[in-house]
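Student: I've got the sequence and the model up on my screen. Let's go through the local details one question at a time.

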Amino acid sequence: MKVPFIYHPIYSELQLPERHRYPIHKYKMLYQWALAHGAQPDQFIQPTPMNWSQVALAHSSNYINKLITNQFDKKEWRKVGFPWSTQLLTRTLTSAGGTFETVKTALDKRIAIHFSGGYHHAHHDWGSGFCLINDLAMSAVLATKAQPNLKILIFDTDVHQGDGTATLLRDHENIFTCSIHGERNFPFTKVDSDLDVALPKGTTDGAYLDAVKHTLHKVTKNFKPDLILYDAGVDIYRRDDLGHLDVSIEGIFSRDYFVLDYAKQNNISLAAVIGGGYQRNLSRLILAHAQLLRASHQVWSD
């Protein structure tokens, strides 16, 4: 089958200062890579933005109002890492809508991949680490409101702990948060997910993949999710500027293949977001993100 891809051109249309740390062009480049490597135009679904009422399911009304009206002070914006603009707000809402579209599509088709998403450092009333609103938390809450018996595992393998997701969802019994991340990396003050696996600096392929496999087996056996919302961050890559792990491109592919194949073999729907990746060498960064697309093709090619 053709794996559904969720993408919007606005993801790479945000104007940022020269040499800004965030690799805003990676989304368009990943889309172009997919087309160049056999993806068909009819695989792509263009999402609609979330609305602020949906955002309010996870974030405080005061925070939302400050965000809309640009009432953050300099310290708050420095913590977020982006300059304010209406373009930023539109892009943020569209990306969040894309993650929710990915969840809905995966529940219908068993698999879907979002060419953005994974803004897991956004908390109830503050943003951090390039994250303004938490698309993972909002999408999971919206899905479980629509289907109250639905059980969702947020399986976050971005190198940075999903602290915002953990705090936002700690009281949701049908949503299980799991983060596999670098022990001594951002955020430097960790919070408790339902399950955290902290890895030491320099972790290599073998130890990393063992941790992923053991953790996914353990959680699915005990929690029995209907859907895995998978944050496939590639800042675990040894060439990443902010990662501090020692995982190869082959290791990234093996991780993604294992998670997708495990979900398929166990009849668990899977919605993936591409998560973080922070190389200034964008061609190399796209190759890392593309491993998720390669894995999805191999797992679902029949």
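**Loops, rings and helix packing**

Student: Phe-130 lies in a loop, but between which elements?

Tutor: First, a caution: this is a predicted model, where local features need pLDDT of at least 70 and side-chain atom pairs count only at pLDDT 80 or more, while totals for chains, interfaces and linings use all residues. Residues are numbered from 1 along each chain as its sequence is written, and side-chain values use heavy atoms, leaving out hydrogens and water. Helices (H or I, at least four residues) and strands (E, at least two) are DSSP runs, numbered from the N terminus. On that footing, Phe-130 is in the loop between S3 and H6.

Student: Is Phe-130 buried or exposed?

Tutor: Take the cut-offs: buried is under 20% relative accessible area, exposed is over 50%, and partly exposed is in between (1.4 Å probe, protein chains only). Phe-130 comes in at 14%, so the label is buried.

Student: What is the phi of Phe-130?

Tutor: Phe-130 isn't a glycine, yet its phi is positive. The value is about 70°.

Student: Which residues form one aromatic cluster?

Tutor: Rings of Phe, Tyr and Trp (its six-membered ring) pair if their centres lie within 6.5 Å; planes under 30 degrees apart count as stacked, over 60 as edge-to-face and the rest as tilted. The cluster includes our loop residue, Phe-130. The full membership is Phe-5, Tyr-7, Tyr-11, Tyr-22, Tyr-27, Tyr-31, Phe-44, Phe-82, Phe-115, Phe-130 and Tyr-278.

Student: Ser-116 is in contact with which residues, leaving aside neighbours within four places in sequence?

Tutor: Ser-116 sits in the loop between strand S3 (111-114) and H6, and at 0% relative accessibility it counts as buried. Contact here means heavy atoms within 4.5 Å. With neighbours within four places set aside, its partners are Tyr-11, Tyr-27, Arg-91, Ser-95, Val-273, Ile-274 and Gly-275.

Student: Why is the pair of Phe-176 and Phe-223 given the label it has, and what is that label?

Tutor: A pair of aromatic rings is described by the distance of the centres and the angle of the planes. The structure holds 21 aromatic pairs. For Phe-176 and Phe-223, the centres are 5.4 Å apart and the planes make 45°, so the pair is tilted.

Student: How many residues apart are Phe-176 and Phe-223?

Tutor: This pair links distant parts of the chain. Phe-176 belongs to strand S5 (residues 175-182) and Phe-223 to helix H8 (residues 205-223), and both residues are buried. Along the chain they are 47 residues apart.

Student: What angle do the planes of Phe-186 and Phe-188 make?

Tutor: Phe-186 is partly exposed at 27% relative accessible area, while Phe-188 counts as exposed at 66%. Their rings are 6.1 Å centre to centre and form an edge-to-face pair. The angle between the planes is 85°.

Student: Which residue does a cis peptide bond join to Phe-186?

Tutor: Omega for that bond is about -5°. The partner is in the loop between S5 and S6. It is Pro-187.

Student: At what angle do H5 and H6 pack?

Tutor: Axes are lines fitted to C-alpha atoms, for helices over the stretch in contact, and angles run from 0 to 180 degrees between N-to-C directions. Helix H5 (residues 86-109) and helix H6 (residues 135-146) have their axes 9 Å apart. Their packing angle is about 45°.

Student: Why are H5 and H6 called what they are, parallel or oblique?

Tutor: Angles under 35 degrees count as roughly parallel, over 145 as roughly antiparallel, 65 to 115 as roughly perpendicular and the rest as oblique. The H5 and H6 angle of about 45° falls under that last label. The two helices are therefore oblique.

Student: Is the crossing of H9 and H10 right-handed or left-handed?

Tutor: A crossing is left-handed if the near helix is turned anticlockwise from the far one by less than a right angle, and right-handed if clockwise. The axes of helix H9 (residues 249-265) and helix H10 (residues 282-300) come within 8 Å and cross at roughly 35°. Their crossing is right-handed.

Student: How far is Lys-264 from the ring centre of Trp-300?

Tutor: A charge sits over a ring if NZ of Lys or CZ of Arg is within 6 Å of the ring centre and within 35 degrees of the ring normal. The charged end of Arg-294 sits over the ring of Phe-253, 4.4 Å from its centre. Lys-264 lies over the face of Trp-300, and its distance from the ring centre is 4.8 Å.
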